[in-house]
Amino acid sequence: MTAEELSKIIVKGMEEKKASDIVVMDLRKIKNSVADFFVICSGNSDTQMESISDSIEEQVVKAGESLPYRKEGKSGKQWILMDYVDVVAHIFLKEKRHYYGLEELWGDAKMVQVN
């Protein structure tokens with residue numbers, strides 16, 4: 001499966017749990033980028049963020065891929081990072097997304113707003 005296909009499956013997992021402000025960032029043309037794609041979304045509560053994270057895992061496994069290589073932030077519930085190597089999913093608590101500013105930090109990336 002390509003990184004682009006995986007990013008679409010991650011978006012589907014986010015949409016299943018009503019994530020908001022979903023953005024897909026294509027980092028492939030950015031020198032020294034850490035992945036090919038970032039998929040970013042916001043959740044309204046720690047419960048919703050956990051549900052989004054579980055939904056992403058479920059959709060990815062259903063598509064025949066494995067669990068994330070690394071997963072961080074589930075206990076802090078302000079920013080959950082799911083590292084699938086070529087694609088990294090970021091689930092933010094709404095208030096924290098602006099604070100960390102990933103879209104600005106990687107501003108040279110091609111961005112697609114999903115919803």
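In the predicted model, Arg70 and Glu72 are joined by a salt bridge whose closest N and O atoms lie 2.8 Å apart. Neither partner is withdrawn from the surface entirely, since Arg70 is partly exposed at a relative accessible area of 40% and Glu72 is partly exposed at 39%. Other salt bridges share partners and thereby join Glu4, Asp26 and Arg28 into one network. Within this network, Arg28 meets Asp26 through a side-chain contact of 2.7 Å from N to O, while the closest N and O atoms of the salt bridge between Arg28 and Glu4 are 3.7 Å apart. The latter pair links distant parts of the chain, with Arg28 in the loop between S1 and S2 and Glu4 in helix H1, 24 residues apart. The accessibilities of the three residues are 43% for Arg28, which counts as partly exposed, 35% for Glu4, which is likewise partly exposed, and 16% for Asp26, which counts as buried because this value is under 20%. In total, the structure holds five salt bridges.

The strands form an open sheet of six members with mixed pairing, in the order S3-S4-S5-S2-S1-S6. S3 and strand S6 (110-113) stand at the edges, and because each has a single partner strand, one side of each is left without a neighbour in the sheet. On average, and with direction ignored, neighbouring strands of this sheet are turned by 15 degrees against each other. S4 and S5 run antiparallel and are joined by five bridges, and His90 in S5 is the bridge partner of Leu81.

Two helices are placed against these strands. H1 lies across S1, S2 and S5 and runs at about 5 degrees to S2, whereas H2 packs on the sheet through S2, S3, S4 and S5, with its direction making about 165 degrees with that of S5. Helix H2, comprising residues 46-62, has 17 residues and reaches 24 Å from its first C-alpha to its last, close to the 24 Å expected at 1.5 Å a residue. The buried residues of this helix include Met49, Ile52, Ile56 and Val60, together with polar or charged residues such as Gln48 and Glu57, and the buried set packs against helix H1 (3-16) as well as strands S2 (37-43), S3 (70-72), S4 (79-83) and S5 (87-93). H2 is followed by Gly64, whose phi is positive, near 95 degrees.

The largest nonpolar core has 23 residues, of which Ile10, Met14, Val39, Ile56 and Ile91 touch the most other members. At least two residues of this core are supplied by each of H1, strand S1 (20-26), S2, H2, S4 and S5, and the largest share, six residues, comes from H1. Residues up to four places away in sequence being left out, Ile10 touches Val39, Ile56, Val60, Tyr84, Val87 and Ala89. A second, separate core of 13 residues includes Met25, Leu27, Ala35 and Trp106.

Backbone geometry was also examined. Most residues other than glycine have a negative phi. Lys18, although not a glycine, has a positive phi of about 60 degrees; this residue is found in the loop between H1 and S1 and counts as exposed because its relative accessibility is 66%, with the cut-off set at over 50%. Asp21, also a residue other than glycine, has a positive phi near 50 degrees, but is found in strand S1 and counts as partly exposed at 36% relative accessibility.

Note on methods. Residues numbered from 1 in each chain as written. Predicted model: local features only at pLDDT ≥ 70, side-chain atom pairs only at ≥ 80, totals over all residues. Heavy atoms only, no water. Helix = DSSP H or I, 4+ residues; strand = E, 2+ residues; numbered from the N terminus. Expected span 1.5 Å × (residues − 1). Buried < 20%, exposed > 50% of the residue type's maximum accessible area, 1.4 Å probe, protein only. Contact = heavy atoms within 4.5 Å. Core = buried A, V, L, I, M, F, W, Y, C linked by side-chain atoms within 4.5 Å. Pairing = 2+ DSSP bridges. Axes fitted to C-alpha atoms, helices over the stretch in contact; angles between N-to-C directions. Salt bridge = Lys/Arg side-chain N within 4 Å of Asp/Glu carboxyl O.
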